[in-house]
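Work through these exercises with the model open beside you. Try each task before you read its solution.

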Amino acid sequence: MSHYFLGIEIPDDLKNFYNDWQQELKPIFPYKSWTDARDLHITLSFLGEVHRDHLEKLVKQLEILQFSGSFTLSLEGLGTFGKGNRPRVLFVDVRLNEELLQLQQQIVKATETLGFEQEKRAYRPHLTLGKKWGKAFDLPEGKLNEIKLRYQQINQFEVTAFTLYKIHPGHVPSYEKAAVFPL
C-alpha cells in the first residue's frame, strides 16, 4: 500500500533557485536529508496510506470541490523548526494568505469525510529544504540568525492547481504526481 499527500508544486525556476540555496547551505547545516529539487513543494495535507479503491473515491471527492480560482503565493526567506543551534528542519517560509488557508481547509474537510486523519497542529505552510540534524555539534551562537538575514529574498508565483502525490521512499525523486486538480 502506498502513501500519499496533497500539495502545491512550485515552478521549475523556483525549484532551481532554492536548489542553489541548498548547495550553498549544505556545508553549514549537517542534515541527513536534503529535499531533491524535483520534490520541492508546499504540503496541504498528508494522507498516509491509501488503498487503491479509496484512492478513486478521494480523486472523485477532490474533483467536485469548488475553488475561487488561482492566487499568488509569497515565499519569504529561511525558517526553521526546532532548537536554534540544531534546527531539525530548514525551510523556506510561505506567507499564509486567505486563499491558501481556504484551499487547505477545503481539502482537509473533503479528506476527513473519507476518513483521513488530519494534522492536529496549526497549518504552517513551508517548503522543506533539509531535515534531520545529522551531527553532534551545534551551530555557533547567532549563526542561524546571521544566515536567515542573508537568505531573505521574497519570490512569488501563481498557484493554479494542487497535486495528489504518491510517495516512493528511497527513490530520487521521491514524489510522483498521481492527479492534478486545477483551481
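**Exercise 1. A helix on strands**

Find the strands that helix H3 lies across, and give its angle to E3.

Solution. Start at residues 98-112, which form H3. Helices (H or I, at least four residues) and strands (E, at least two) are DSSP runs, numbered from the N terminus. H3 lies across E1, E3 and E8. Its angle to E3 is about 5 degrees. Axes are lines fitted to C-alpha atoms, for helices over the stretch in contact (heavy atoms within 4.5 Å). Angles run from 0 to 180 degrees between N-to-C directions.

A note on the numbers: this is a predicted model, where local features need pLDDT of at least 70 and side-chain atom pairs count only at pLDDT 80 or more, while totals for chains, interfaces and linings use all residues. Residues are numbered from 1 along each chain as its sequence is written, and side-chain values use heavy atoms, with hydrogens and water left out.

**Exercise 2. The open sheet**

Put the four strands of the open sheet in order, then name its edge strands.

Solution. Two strands pair if DSSP finds at least two bridges between them. The order is E3-E1-E8-E9, and the pairing is antiparallel. E3 (41-50) and E9 (175-182) are the edge strands, since each pairs on one side only. From one strand to the next, the twist averages 25 degrees.

Now go to the bridges. E1 (residues 2-9) and E8 (residues 161-167) are joined by five. Phe5 stands opposite Tyr165 in E8. Gly7 has Thr163 as its bridge partner there. On to E9: seven bridges join E8 to this strand, and the two run antiparallel. Phe162 is bridged to Phe181 in E9.

**Exercise 3. Thr163 in its strand**

Is Thr163 buried or exposed, and which residues does it contact beyond its neighbours within four places in sequence?

Solution. First, locate Thr163: it lies in E8. Next, check its surface. Thr163 is buried, at a relative accessible area of 3%. The cut-offs are under 20% for buried and over 50% for exposed, with partly exposed in between (1.4 Å probe, protein chains only). Then list the contacts. They are Phe5, Leu6, Gly7, Lys177, Ala179 and Val180. Finally, look at the whole strand: six of the seven residues of E8 are buried.

**Exercise 4. The two sides of H2**

Decide where the buried residues of H2 sit around its axis.

Solution. Check the helix length first. H2 has twelve residues and spans 17 Å from first C-alpha to last. That is close to the expected 16 Å, which is 1.5 Å times one less than the number of residues. Next, pick out the buried residues: Leu55, Leu58, Val59 and Leu62. Seen down the axis, they fall within an arc of 95 degrees, so they line one face of H2. The arc is that of the directions from the helix axis to the C-beta atoms. Exposed Asp53 and Lys60 are on the face turned away from the buried side. Last, find the partners. The buried residues of H2 pack against E1, E3, H3, E8 and E9.

**Exercise 5. Aromatic pairs**

Classify the ring pair Trp21 and Tyr151, and say which parts of the chain it ties together.

Solution. Rings of Phe, Tyr and Trp (its six-membered ring) pair if their centres lie within 6.5 Å; planes under 30 degrees apart count as stacked, over 60 as edge-to-face and the rest as tilted. The count by this rule is 15 aromatic pairs. Trp21 and Tyr151 are 5.0 Å apart centre to centre, with 75 degrees between the planes, hence edge-to-face. Trp21 is in helix H1 (residues 12-25) and Tyr151 in the loop between H4 (143-150) and E7 (154-159), so the pair ties together parts 130 residues apart in sequence. Trp21 is buried at 7%, and Tyr151 is buried at 6%.

Repeat for Phe67 and Phe162. This pair is edge-to-face too, at 5.4 Å and 80 degrees. Phe67 is in the loop between H2 (52-63) and E4 (71-83), 95 residues from Phe162 in E8. Both Phe67 and Phe162 are buried. Ring pairs also link Phe29, Tyr31, Trp34, Trp133 and Phe137 into a cluster.

**Exercise 6. Backbone exceptions**

Which peptide bond is cis, and where is Lys132, with its positive phi?

Solution. Recall the background: most residues other than glycine have a negative phi, and most peptide bonds are trans. The cis bond joins Val172 and Pro173, with omega about -5 degrees. Pro173 is in the loop between E8 and E9. Phi of Lys132 is near 70 degrees. Lys132 is in strand E6 (residues 126-133). It is exposed, with a relative accessible area of 51%.
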